[in-house]
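This report looks at how charged side chains and buried helix faces are arranged in one protein model. Please keep the sequence and the coordinates at hand while reading.

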Amino acid sequence: MEKRIELEKRGRKPDQIYELNLDNCRSTTIEGLTDDFTNLKSLSLINVGLTSLKGFPKLPNLQKLELSDNRISNGLNLLHTSPKLTNLNLSGNKIKDLDTLEPLKEFEHLKSLDLFNNEVTVIDNYREKLFKLLPSLKYLDGFDVKEQEADDSEQEVDSVNGNEEEESDEYGDGEGGEEEEDEDIEDDEEVGLDAVYKDNLEEESEGDDYEGEGSEEEDDESLKKRKVFQGDLDTERRRHTEG
């Protein structure tokens, strides 16, 4: 565990580290983790093989502690050096009775506790008794006191949904504006269509007038031709008479 801690530090001083992951580093007790990690907020010790919490350091700012899949059966009082603890995962350990969990009453800020795959979970009225034992607890094994799934992530989702609703309202107003704009556009289109139809009608009327003028010109030409033909015919008649 000490070697793993040195690797995770990556040249940083202990008080510069806020999160520390020591999963799967194999050790039966806490080794190499000291009181110098004063600003550590999240510590993960999943599947390490811990049988005891002996040597657990003073971590005054620790809020989240992952201890799942170990072999811890007691000694939770050794966590009292981390009074700000809010999330504790003890699933997959060897905790058999409620008395082992008594030390957790000291954590006034503890709101989430996981005990999946511990023998204690088969005790009659286990959930009811544990919520009574730990008044600050909000979520046990991922469910609230009413056995409805409701954890921090869901609350964050609700907050997002609330923002989305506000955005939706704002967008709704925007849609109203768009509808008004669409109506204006439709009105403009109607006016435009009327103008187009009017222009077409005027063009057709002009076309009719033009055709009428053309007919008159054709009549004049025909008349001239008839006059010329009549003149030629009269001339021919005079010649015939004189001859």
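By about how much of the helix are Arg4 and Glu8 separated in helix H1? Because Arg4 and Glu8 lie four residues apart in helix H1, about one helical turn separates them. The two residues form a salt bridge, in which the closest N and O atoms are 3.1 Å apart. The model discussed here is a predicted one, and the values below are computed from it.

**Overall layout**

The protein chain contains three helices and six strands, and from the N terminus on its elements run in the order α-β-β-β-β-β-α-β-α. Of its 243 residues, 28% count as buried.

**Helix H1**

Helix H1 covers residues 2–9, and its buried residues are Ile5, Glu8 and Lys9. These residues are on the same side of H1, because they cover an arc of only 100° around the axis. The exposed residues Lys3 and Leu7 are carried by the face of H1 that is turned away from the buried side. In the salt bridge between Arg4 and Glu8, Glu8 is thus one of the buried residues of H1, whereas Arg4 counts as partly exposed because its relative accessibility is 22%, which lies between the cut-offs of 20% and 50%.

**Salt bridges**

Side chains of opposite charge can pair when their charged atoms come close. In this model the count comes to four salt bridges, among them the three listed here.

| Pair | N to O distance |
|---|---|
| Arg4 and Glu8 | 3.1 Å |
| Glu102 and Lys105 | 2.9 Å |
| Arg127 and Glu147 | 3.9 Å |

Glu102 and Lys105 meet through their side chains; Glu102 counts as partly exposed at 31% relative accessibility, and Lys105 is partly exposed as well, with a relative accessible area of 44%.

The salt bridge between Arg127 and Glu147 links distant parts of the chain, since Arg127 belongs to helix H2 (residues 126–133) while Glu147 sits in the loop between strand E6 (139–140) and helix H3 (152–242), 20 residues apart. Is Arg127 buried or exposed? With a relative accessible area of 17%, which is under the 20% cut-off, Arg127 is buried. Its partner Glu147, by contrast, counts as exposed, because its relative accessibility of 57% is over 50%.

**Helix H2**

Arg127 is one of the buried residues of H2, together with Tyr126, Leu130, Phe131 and Leu133. Seen down the axis of H2, these buried residues fall within an arc of 160°, and therefore they line one face of the helix. On the face turned away from that buried side, H2 carries the exposed residues Glu128 and Lys132. Lys132 counts as exposed because its relative accessibility is 72%. Although Lys132 and Val145 are 13 residues apart in sequence, their C-alpha atoms are 10.0 Å apart in space.

**A positive surface patch**

Which residues form the positive surface patch? The patch is formed by Arg26, Arg71, Lys94 and Lys96. Of these residues, Arg71 can be placed in the loop between strand E3 (64–66) and strand E4 (87–89). Arg71 counts as partly exposed because its relative accessibility is 45%, a value over the 30% that residues of a patch need.

Definitions and conventions:
Residues are numbered from 1 along each chain as its sequence is written. This is a predicted model: local features need pLDDT of at least 70, side-chain atom pairs count only at pLDDT 80 or more; totals for chains, interfaces and linings use all residues. Side-chain values use heavy atoms; hydrogens and water are left out. Patches are made of residues with over 30% relative accessible area and no salt bridge: like charges are joined within 9 Å, nonpolar side chains (Val, Leu, Ile, Met, Phe, Trp, Tyr) within 5 Å. Accessible areas come from the Shrake-Rupley method with a 1.4 Å probe; for residues, only the protein chains shown count as cover. Lys and Arg count as positive and Asp and Glu as negative; His and the chain ends are not counted. The place of a charge is taken as NZ of Lys, CZ of Arg, CG of Asp or CD of Glu. Helices (H or I, at least four residues) and strands (E, at least two) are DSSP runs, numbered from the N terminus. Buried means under 20% relative accessible area, exposed over 50%, partly exposed in between (1.4 Å probe, protein chains only). The arc is that of the directions from the helix axis to the C-beta atoms.
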